[in-house]
Structure formats: C-alpha cells, structure tokens
Amino acid sequence: MIENRKEWSAWVTPRALRSEPIHRWYTFPHSFTHQLVDALAEEWGLGGHDLILDPFVGAGTTVLAAKLGGIPAVGHDLSPLAVFVSRVKSTHYSLPEVQKAWNGLLPRLVPGNWDMPQGAYPQLVIRALPSKLLGAFEGISSGIGRMRCPEATKDLFRLALLATIPDFSQAVATGGWLSWVGKRRTKAELVPAFRLRMQKILEDIRESPAPCNGNWPVSCADARKLPEADSTVSAVITSPPYPNRHDYTRVFGVELMYGFLDWERTRDLRRQSFQSHPESRPDRPTSTEYFPPPRLIKLLRELKEAGVEEKITGMISGYFLDIFLCLRELRRVCKPNAPIALVLGNARYAGVPVIVDELTATIGEQAGLRCERIRAVRFRGNSAQQMGAYGRSPSRESVIIFRNGKDRVTNREGNPSYRRSGRE
Ligand SMILES: C[S@@+](CC[C@H](N)C(=O)[O-])C[C@H]1O[C@@H](n2cnc3c(N)ncnc32)[C@H](O)[C@@H]1O
C-alpha cells in the first residue's frame, strides 16, 4: 500500500511557493505547493461542477490553486490569521481599483508622524516590535483604515503589512518556536519594505488574472465539526498539523496578537487547536466509536518505556483521537467514493518512531473511509540532537489517499463490518 513518490518531495514544502504569483503573498511553514493540488485534481478528473474542501486551510494553497484551476473550493481553519490570509489570497481584485487606492495611500505613508503606539498590545508584540516600530506599523494600519475604498482592498494592504512583520520582528520563528534576535531595523525602513510587498501584489494582480465568476469562501471552523451539509464535497486536499509539538499560535504569536486576538484569546486558540502540541486541551465532540488501534496502544507503551514524558504521550494519544474525529467528519460531508488526500509527517520521540501515516490509514478505516494508498514523498532528517543520541533515521512525509466508503466501518479487531445506511 506504500508507494514511493519522491518526485513529489518539493511539493510538500513551501519553498517553491515563495516565488509563485499570489501564493507568495503569505506562506505557512508547512504549506504544500499548488502543484500537489493540480496533480491530484487532474488525477481525480475534478472540474467546474465539483467542490474541493480544505478543513486546515493554513495559507490557502488548496483554495487558491483550485480557484486558479477554475474548480470551486471552500476552506476552513481555527486560526483567524489563516482565515484572513487565505481569504485575501482567494478574493478577486480589480487592478484599476487597487491601483487607485494604493496611489491614495502612498502620500499618507509619512514615518515622521508615527511614534509611540496608541493601542494596548500584549507584551510579546511590544517586545518584538520595540516602541517606534510598533508605532510605525500602527501608523500604516490607521492610514489604511481611513481610506475610502472597498474593505477587500484595505485587507489586501493589511496583508502586505502583516507579511512584513517577520522582517522587523525581534522574535523569529525557527522550526516550531520563536527565538529572540537583536535586529536593528528602523521605522524609516518599514515604508520601503511595505511598498516592495505591494509592488509584488500589484504585479501579480496584473499578470495572473484568475476566473472572476464564482467564489472561494474561507471561514473559521473546527475540522472536528465542519459546517458543510452531508454528502456535498467532491474531494478533500488538506494537511492537518503534524504531531511534532509545533504550535502555530506561538510561531505566529506576534502576527496573531498584533492583528487579531488578545493574549487570552490566543491562549484559547492554542488550547482548542489540534492536539499536535502539549499545550492543546481541546473541547471536542464526543465519540463512542473511537478506540485506539492496538498498534497505537503498543506505541504509547514503547514511548513510556523509553522515558517520554506524559505530556507527550498524552498529546500523541489525543492527536489520533483528533484525526479520527476529523476523518469521521470528512466521511459525513463527502460524497460517496469522494477522494480525500491528507499530507502528514511521521515523528520520533526518544528514538521511537511514530508512524503517523500508517496509524492514520488504520484510523481512517475505523471512521468509514477506505485507504487507497500511502504515497511516501519525502524523508526529513532528524535533529542534530536526536541524531547524536539515536543515529540517523529520517522521518517519512506522505500523502495518504482515502476514498469515502460511506457504509464501511471496522470493528475493534480491525475487520470491516457494515452498518445500515443513514447517519448514526
Ligand atoms: C499544516 S497547516 C496547513 C497548511 C496548508 N495546507 C497550506 O498549504 O498553507 C495546519 C493548519 O491547521 C490549523 N488547525 C489546527 N487545529 C485545527 C482545527 N482543530 N481545525 C481547523 N484547523 C486547525 C492551523 O491553524 C494551521 O493553519
């Protein structure tokens, strides 16, 4: 069932997206590329009458790629940052309208007027963008707010501003965490950086005309409880967080607390996120159908014996419950036999491999899906620390492909059993 697709390896990292029109406006550390979406859409013969769903929309790659290919699509995410980014990237713009608004904004970008921030910000933002820098971000932001132009155009400017934060922030995302650096950037440098971003955006709107009839909506929702009606989705192309402790609310803490949430609501988002990091404690839908597969129980025992802390074993156990809840929802919203592709990465703790793709395949069968195949696309090296202690042992990143097999579920022994039609 596991096949090699190493030629897809560049498609599961965001590197290539950073030079692609529109996609480059904002990427996430684990974005996949539009080539993956294009290849799957072609393989599955998707077109204008279909609907693609991405329940973990991130930076919006699936929705935008679907839009550029003329296929209807919908995206959701728990993070308001992801929803904002994806929505802005998948909106239609009129170049003359955006250009006119931009010409109107330019004379208002006068750094001399910006000094100390007026708003109340969490400490993280104040530390990351020391005094005058934060005042300058706020100055541009309030200039955008005062413009007389459609809200969608203002959001385009806001996205360009948000995308400059990493160039100025003293808190830098390295791997899954923030580390502090001593950058010496001044408020005077912000305007040229912002203008550069906007130039690229204007260039992309000019050169990549996308279809304008149709809409590609993105909204805030939990992948464990989707808003879609039953049997309405033709295909799913998505990537849930990996169980690697990376916490998007920390990696994007400055952006989230600068533009979207206060400290308490950022903490709530952290808790409610998929249990892929130890601080997640989500309120989830209940399930009497889920039972951890024997292989997962064995894995949890091995991790414990290897001395892995309880907060990590608890996280892994919760992670696979989340995977089940999400796959159960996908089974509900997808049409019979609809294809579902999940990009996922295996992990390793204290030298013990966590074979996420195979466990997900088993749990998908339990949720009523049929696993067609696992495509191994990339092998990531382990950290220098892990390599020193446990030797070189790369972790697999895979695309797991299911078909919605509506009525088939597996029993506790892992054998297929068949339920009567209708929802349980
Ligand atoms: C690996 S990223 C998706 C990247 C995306 N495929 C792209 O190309 O940019 C995973 C996303 O899942 C989101 N997320 C975490 N928990 C979630 C949940 N319970 N429901 C919906 N989204 C969630 C995170 O906010 C993050 O944006």
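In the predicted model, glutamine 99 counts as partly exposed, with 15 C-beta neighbours inside 10 Å; this number lies between the limit of 12 or fewer for an exposed residue and that of 20 or more for a buried one. Glutamine 99 has its place in helix H4. A link to helix H8 is seen in its distance to methionine 198: the two residues are 99 positions apart in sequence, and their C-alpha atoms are separated by 10.0 Å in space.

Methionine 198 belongs to the buried set of H8, which also comprises Leu190, Phe194, Arg197, Ile201 and Ile205. These residues cover an arc of only 95° around the helix axis, and they therefore fall on the same side of H8. The partners of this buried side are three helices, namely H4 (95–105), H6 (131–145) and H7 (151–168), against which the buried residues of H8 pack. On the face turned away from the buried side, H8 carries the exposed residues Pro192, Gln199, Glu203, Arg206 and Glu207. The length of the helix was also examined. H8 runs over residues 190–207, and at 1.5 Å a residue its 18 residues should span 26 Å; the C-alpha atoms at its ends are 26 Å apart, so the expected and computed values agree.

Serine 208 is located in the loop that connects H8 to strand S6 (218–220). Serine 208 is classed as exposed because 12 other C-beta atoms lie within 10 Å, and a residue with 12 or fewer meets that criterion. When residues up to four places away in sequence are left out, serine 208 touches Pro21 and Ile22. For the pair formed with isoleucine 22, the separation is 186 residues in sequence, whereas the C-alpha to C-alpha distance is 8.1 Å.

Two residues other than glycine adopt positive phi values. In arginine 245, which is not a glycine, phi is positive at about 75°. Arginine 245 is situated in the loop between strand S7 (235–238) and helix H9 (248–251), and is partly exposed, with 19 other C-beta atoms within 10 Å. In alanine 350, phi is likewise positive, with a value near 50°. The loop that holds alanine 350 joins strand S9 (347–349) to strand S10 (352–354). Alanine 350 is also partly exposed, as 16 other C-beta atoms are found within 10 Å.

The surroundings of the ligand comprise 22 residues, of which Ser31, Phe56, Gly58, Ala59 and Thr61 come nearest. Classified by residue type, the shell around the ligand contains eleven nonpolar, eight polar and three charged residues.

Regarding the overall fold, the protein contains 15 helices and 14 strands. Its radius of gyration is 22 Å, close to the 22 Å that the globule rule gives for 424 residues, so the protein is as compact as a globular protein of that length. Taken along the principal axes, the box filled by the C-alpha atoms is roughly 70 × 50 × 40 Å. Of the 424 residues, 45% count as buried. Among contacts with a separation of 6 or more, 73% are accounted for by residues 24 or more positions apart.

Note on methods: Residues numbered from 1 in each chain as written. Predicted model: local features only at pLDDT ≥ 70, side-chain atom pairs only at ≥ 80, totals over all residues. Near = placed C-beta within 6 Å. Nonpolar A, V, L, I, M, F, W, Y, C, P; charged D, E, K, R; others polar. Helix = DSSP H or I, 4+ residues; strand = E, 2+ residues; numbered from the N terminus. Expected span 1.5 Å × (residues − 1). Arc of directions from axis to C-beta. Contact = placed C-beta atoms within 7 Å. Rg over C-alpha atoms; globule rule 2.2 N^0.38 Å.
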